[in-house]
Amino acid sequence: MRSVIDILDLSVEEINGLINTAMDIIANPDKYSSACKGKKLATLFFEPSTRTRLSFESAMYELGGQVIGFSDHKNSSASKGESVSDTAKVISCYADIIAMRHYQEGAPLVASMAASIPVINAGDGGHLHPTQTLADLLTIYREKGRLSDLTVGFCGDLKYGRTVHTLIEALCRYTGIKIVLISPKELDVPFYIKKCMNEANVPYEEVDDLEKALPDLDILYMTRVQKERFADVAEYERLKDSYILTADKLENAKSDMAILHPLPRVNEISVKIDEDKRACYFKQVLNGKYMRMALILKLLSETKGEKVDVKEGKTLLVNEIKCDNPKCITTTEQELDQVFKLVDSENNVYRCLYCEKKAKM
Ligand code: CP
């Protein structure tokens with residue numbers, strides 16, 4: 001049985017296979033209209049969503065399946081103190097597959113450890129968002145015809161932007177990728193993402209001037225500065241308008257540059273750009289539904305195998321130190337072991353298994 005918590009849970013071959021399935025779904029939708037007949041998807045959304053939840057639900061309906069779930073945890077027994085693990089065990093009695101979004105980092109991983117059905121991470125706090133990455137990859141593939149030999153610029157909130165983190169992890173496994181990180185210093189990508197690029201020998205540069213960076217880009221991935229991730233509102237107010245893409249700024253960009261954005265947008269892309277042929281963010285929304293259809297099909301076809309042990313093959317510290325990330329699922333989940341995995345044996349660096357925060361030894 002497979003769960004998808006991180007994009008790295010899928011090999012490059014599997015991602016390419018999902019893209020092929022999505023392309024076949026686009027070409028032959030009728031072939032898939034009863035593929036999930038008799039199956040149920042549970043959408044457990046502990047944090048607001050428009051695209052991810054409704055595209056998962058739309059995906060399951062278009063596969064002939066059914067959907068149960070909640071869009072606000074206040075309407076679930078989580079509001080009475082039920083744990084993520086217990087929720088996952090309960091839902092395993094009702095559904096065949098779970099898509100979970102949670103405001104705590106690592107919550108979908110904890111759900112996958114307790115559930116007896118596959119769990120898909122539909123976004124966990126400022127950590128990861130693998131199915132958005134699948135939408136992004138299909139969009140890049142359909143726009144550029146390839147996932148290699150591309151210069152990709154990421155602009156905006158690269159610190160808390162889970163879609164940025166996951167897409168960089170995915171792109172690092174393709175050849176000829178160059179990355180340009182465009183952000184204020186305060187919203188720089190986390191260390192573990194830089195480590196990922198370094199280990200994959202993916203060249204990257206960090207700049208703060210969007211206009212100067214634009215002419216080299218094949219893909220511009222814009223992001224929103226996310227108010228909900230800031231502990232300090234004044235800091236959000238100071239940074240929120242760091243980058244606003246307007247039509248005049250695009251004059252020096254390539255004529256075939258693709259502009260992506262995971263959405264929702266606030267003001268970081270002018271609505272006038274929506275008419276520009278380079279604007280791909282609404283196509284990206286539709287591509288998300290096709291990739292989620294492909295992923296549901298894949299995971300439901302693999303439910304008979306052994307459950308993957310997420311701790312396997314890692315050198316672990318168990319209950320020797322405590323994660324100090326206030327957004328980590330370990331802060332609230334009852335009797336959850338504090339698990340740290342060794343990620344850099346040379347420098348003896350351990351990271352929390354659930355949220356990837358570095359251990360303070
Ligand atoms: N891109 C994305 O995750 O959008 P939602 O928050 O609306 O699901």
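This is a conversation between a student and a tutor about a predicted model, its ligand site and its sheets.

Student: Before we start, how do you know which parts of the model to use?

Tutor: The model is predicted, so local features need pLDDT of at least 70 and side-chain atom pairs count only at pLDDT 80 or more, while totals for chains, interfaces and linings use all residues. Residues are numbered from 1 along each chain as its sequence is written, and side-chain values use heavy atoms, with hydrogens and water left out.

Student: What makes a residue count as being around the ligand, and which residues are they?

Tutor: A residue is near a molecule if one of its heavy atoms lies within 4 Å of it. Those around the ligand are S49, T50, R51, T52, R101, H129, Q132, P262 and L263.

Student: How is that shell divided by class?

Tutor: Ala, Val, Leu, Ile, Met, Phe, Trp, Tyr, Cys and Pro count as nonpolar, Asp, Glu, Lys and Arg as charged, and the others, Gly among them, as polar. The shell has two nonpolar, five polar and two charged residues.

Student: Why is the pairing of T50 with the ligand called a polar contact?

Tutor: A polar contact is a pair of N or O atoms within 3.5 Å (within protein, one must be able to donate a hydrogen and the other to accept it, and residues adjacent in sequence count only if both atoms are side-chain atoms). A backbone N or O atom of T50 lies 2.8 Å from a ligand oxygen, so the pair qualifies. From its side chain, R51 places an N or O atom 2.9 Å from an oxygen atom of the ligand. For H129, a polar side-chain atom is 2.9 Å from a ligand oxygen. Taken alone the ligand exposes 260 Å², and the protein buries 93% of that, with areas from the Shrake-Rupley method and a 1.4 Å probe (for residues, only the protein chains shown count as cover).

Student: How do you know that β1 and β2 pair?

Tutor: Strands are DSSP runs of E with at least two residues, helices are runs of H or I with at least four, and both are numbered from the N terminus. Two strands pair if DSSP finds at least two bridges between them. Five bridges join β1 (residues 40-45) to β2, so these parallel strands pair. Within that pairing, L41 stands opposite V67 in β2.

Student: What makes β2 and β4 edge strands?

Tutor: The open, parallel sheet has four strands in the order β2-β1-β3-β4. Both β2 (66-70) and β4 (119-124) pair on one side only.

Student: What lies across this sheet?

Tutor: Helix α10 (residues 281-301) lies across β1, β3 (97-102) and β4, running at about 125° to β3. Contact means heavy atoms within 4.5 Å; axes are lines fitted to C-alpha atoms, for helices over the stretch in contact, and angles run from 0 to 180 degrees between N-to-C directions.

Student: Where do antiparallel strands occur?

Tutor: Three bridges join β10 (residues 316-318) to β11 (residues 339-344) in the antiparallel sense, and four join β11 to β12 (residues 349-352), also antiparallel.

Student: What makes L263 and the bond after it stand out?

Tutor: Most residues other than glycine have a negative phi, and most peptide bonds are trans. Phi of L263 is positive, near 65°, and the L263 to P264 peptide bond is cis, with omega near 5°. L263 lies in the loop between β9 and α10.
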